[in-house]
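Subject: Structure handover

Hi there,

Here is the structure I promised to pass on to you. Have a look at it first, and then read on for my notes.

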Amino acid sequence: DGCGHTVLGPESGTLASINYPRTSPNSTVCEWEIRVKPGQRVQLKFGDFDIDDSDSCHSSYLRVHNGIGPNRTEIGKYCGFDFQMDGLITSKSNEVTVQFMSGIHTSGRGFLAAYSTTDKSDLITCLDNASHFSEPEFNKYCPAGCVIPFADISGTIPHGYRDSSSLCMAGVHAGVVSNTLGGQINVVISKGIPYYEGSLANNVTSKVGPLSTSLFTFKTSGCYGTLGMESGVIPDSHITSSSILEWPNQTGQVNIWKPENARLKRIGPPWAAFISDEHQWLQIDLNKEKKITGIITTGSTLAEHYYYVSAYRILYSDDAQKWTVYREPGTGKDKIFQGNTELYQEVRNNFIPPITARFFRINPLKWHQKIAMKVELLGCQFSLGRAPKITLPPPPQNKNDEKNADFKDEFVHSVKTSLQTDKTTFTPEIKNTTVTPSVTKDVALAAVLVPVLVMVFTTLILILVCAWHWRNRKKKAEGTYDLPYWDRAGWWKGMKQFFPTKSAEHEETPVRYSSSEISHLRPREVPTMLQTQSAEYAQPLVGGIVGTLHQRSTFKPEEGKEASYADLDPYNSPIQEVYHAYAEPLPVTGPEYATPIIMDMSSHPSTPLGAPSISTFKAAGNPAPPLVGTCNKLLSRTDSASSAQALYDIPKGQPGPGSADQLVYQVPQSVAHPTVSKDE
């Protein structure tokens with residue numbers, strides 16, 4: 001009566017003392033007889049060992065024997081609190097006896113151990129978790145029987161499991177290994193997540209878990225894609241059932257819960273059987289033979305109809321006539337799958353080994369109120385490689401026909417045997433796909449060519465962008481002091497025709513500024529309006545005084561043909577003239593014209609009240625030197641009114657420069673006749 005949790009599989013298993021991990025009762029005993037295939041040996045590994053050793057292993061101990069029965073020989077006798085056993089205990093044959101004796105004691109958890117054949121060198125126990133290993137990826141062998149009530153897991157696939165979860169128990173939950181057989185797991189460690197979901201799968205309940213520093217997932221074959229119930233790939237005509245529930249609602253409308261309603265996550269009612277007994281079934285035709293690795297079920301998903309199936313069997317067939325019940329591997333008994341515990345939660349069950357069939361049938365065995373469910377199948381395509389054509393050698397032409405016939409039969413039999421032995425189906429490592437693609441040379445070639453082409457095109461685009469950017473910068477650097485296209489004389493001449501025409505008299509009449517208009521301005525506004533500081537080029541007055549549609553140049557160009565942009569030949573001209581963007585320079589020869597600039601000295605602190613406005617005109621003198629790459633100042637100011645009076649005419653109708661009744665200036669005289677005044 002001292003036996004606790006026990007699962008003895010054909011190649012591995014798990015055993016524990018009674019009440020583990022709590023204190024075992026006094027005066028109990030248990031023996032486990034372990035057998036594996038002949039020719040193999042057994043190895044034993046302890047996950048926890050805590051047996052009272054107060055009497056030096058006299059009444060409480062664990063003893064391991066080679067063999068079974070009276071001829072067994074002792075390998076070792078063990079006891080101790082938190083005893084750490086280094087390495088594995090290995091038998092000399094394929095049979096081992098483990099004996100646990102519990103005497104009078106007050107403490108001690110007992111033990112938990114795992115066993116396997118000696119070819120599983122990476123054996124772990126059901127208590128090992130990811131934090132026990134430092135490698136980012138590793139392979140371990142899980143024994144059978146790791147669905148234990150005293151271990152917890154948090155998480156689910158594909159998000160991962162918390163690092164404190166039992167590796168083997170999480171492997172059963174994920175459908176990687178079987179609880180009755182055990183198996184190999186390939187674990188990958190990665191960074192943890194803030195929240196771990198809980199779910200029910202393969203009779204293992206995963207709990208909700210908090211944040212952890214790391215998590216682990218499993219590498220699988222990838223044959224876990226949906227097969228078309230939810231997506232609609234499987235047509236309605238391929239979903240049938242033993243019976244259909246029909247019932248009228250309060251309005252008299254008949255509700256029919258047809259088998260095609262049994263699609264997972266489909267809004268609306270599920271499939272429900274008219275009669276609730278163990279002879280009902282839901283059948284799915286996959287159209288061709290496929291590899292089925294799992295199933296997901298829910299209840300009715302309707303709050304007002306609390307129906308679900310809590311247990312069921314699985315049957316499969318190739319012709320829908322002869323059906324095979326899915327059995328527990330290693331036991332030969334029909335496997336009963338745990339279904340739903342309520343109507344909303346999705347419950348997953350995996351088939352290890354997988355089912356290969358075209359027709360799939362679910363047979364409910366237990367239910368709540370009525371048989372109702374929604375379903376999705378997991379798996380991938382199943383295809384067999386073509387067998388090579390058998391070519392028989394030509395029979396020799398002699399009298400030994402019977403011997404040749406025997407040789408022929410033996411040859412065909414040997415070829416068939418080798419074909420059946422070598423026939424394998426490879427499934428690529430692709431997760432969550434309904435179709436398993438075949439890996440060919442074209443795929444491998446494309447995997448190499450696509451990145452290369454992307455890199456080449458990216459490089460070409462970068463080169464073109466850099467060349468375009470360099471060309472623009474070069475143009476910008478070469479034309480820093482050049483006149484923009486819209487400000488060239490040729491362009492302006494072409495645009496004049498779009499403006500209102502002026503009379504010849506208006507074109508010849510100089511611009512006049514009336515002192516009465518200026519007198520309306522405040523003294524402090526005149527300096528603001530008129531530029532008093534010296535500049536390289538005189539700027540035109542802008543305001544409402546001159547009512548023209550376009551802004552005139554402050555310098556009058558030389559009479560004759562205006563130079564257009566097209567007339568400039570940057571390749572034939574040895575010397576390029578530099579133009580300013582604001583005004584055209586004065587010509588080398590010919591009369592000089594300038595718009596008078598009025599300066600109000602009345603607001604200047606050093607000038608007495610009533611002082612006249614000073615006119616600044618460029619004095620006549622030697623012609624300006626030609627412009628060769630530099631800009632000469634074209635405008636100079638006089639230091640006093642007297643100098644301006646000496647070089648330019650007195651305003652008409654004024655006694656002297658001090659009068660400011662009407663300040664009207666005439667156009668200055670030509671350079672050739674500086675002393676002659678022109679009267680109107």
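To begin with a small puzzle: which residue in β16 does valine 188 stand opposite? The partner is threonine 217. Please bear in mind throughout that this is a predicted model.

**The open sheet and its helix**

That pair belongs to two antiparallel strands, β13 (residues 183-191) and β16 (residues 214-218), which are joined by five bridges. Valine 188 also has a counterpart in β10, since glutamate 137 stands opposite valine 188 of β13. Strands β10 and β13 are antiparallel too, and six bridges pair them.

Zooming out, these strands are part of an open sheet of five, ordered β10-β13-β16-β12-β11, with antiparallel pairing. At its edges are β10 (137-142) and β11 (155-156), each of which pairs on one side only. Helix α1 (residues 167-174) lies across β10, β11, β12 (160-162), β13 and β16, and runs at about 50° to β16.

**Two nonpolar cores**

The largest nonpolar core is made of 26 residues, and Ile295, Ile314, Phe351, Phe360 and Ile362 have the most contacts inside it. Two or more residues each come from β22 (282-298), β23 (308-317), β26 (347-368) and β27 (372-381). There is also a second, separate core, with 24 residues, including Cys142, Ile148, Ile153 and Met169.

Ile314 is a good place to start exploring the largest core. Setting aside neighbours within four places in sequence, isoleucine 314 is in contact with Ile295, Thr324, Val325, Tyr326, Phe337, Phe351, Ile355, Phe360, Arg361 and Ile362.

**Aromatic pairs**

How many aromatic pairs does the structure hold? The count is 17. Among them is the pair of tryptophan 32 and phenylalanine 111, which is edge-to-face, with 5.6 Å centre to centre and 90° between the planes. This pair links distant parts of the chain: tryptophan 32 is in strand β3 (residues 28-35) and phenylalanine 111 is in strand β9 (residues 110-117), 79 residues apart. Tryptophan 32 has a relative accessible area of 3%, so this residue is buried. Phenylalanine 111 counts as buried because its relative accessibility is 0%.

Another pair, tryptophan 257 with tyrosine 307, is tilted, at 6.1 Å centre to centre and 55° between the planes. Tryptophan 257 sits in strand β20 (residues 254-257) and tyrosine 307 in the loop between β22 and β23, so parts 50 residues apart in sequence are tied together by the pair. Both tryptophan 257 and tyrosine 307 are buried.

There is a cluster to look at as well: Trp32, Phe46, Phe49, Phe100 and Phe111 are linked by ring pairs.

**Charges over rings**

Lastly, two contacts of another kind. Lysine 77 has its charged end over the ring of tyrosine 61, 4.3 Å from the ring centre. The charged end of arginine 361 sits over the ring of tryptophan 323, at 4.1 Å from its centre. Arg361 also appears above, among the residues in contact with Ile314.

Happy browsing, and best wishes!

Technical notes. Residues are numbered from 1 along each chain as its sequence is written. This is a predicted model: local features need pLDDT of at least 70, side-chain atom pairs count only at pLDDT 80 or more; totals for chains, interfaces and linings use all residues. Side-chain values use heavy atoms; hydrogens and water are left out. A nonpolar core is a set of buried Ala, Val, Leu, Ile, Met, Phe, Trp, Tyr and Cys residues joined through side-chain atoms within 4.5 Å. Buried means under 20% relative accessible area, exposed over 50%, partly exposed in between (1.4 Å probe, protein chains only). Helices (H or I, at least four residues) and strands (E, at least two) are DSSP runs, numbered from the N terminus. Contact means heavy atoms within 4.5 Å. Two strands pair if DSSP finds at least two bridges between them. Axes are lines fitted to C-alpha atoms, for helices over the stretch in contact, and angles run from 0 to 180 degrees between N-to-C directions. Rings of Phe, Tyr and Trp (its six-membered ring) pair if their centres lie within 6.5 Å; planes under 30 degrees apart count as stacked, over 60 as edge-to-face and the rest as tilted. A charge sits over a ring if NZ of Lys or CZ of Arg is within 6 Å of the ring centre and within 35 degrees of the ring normal.
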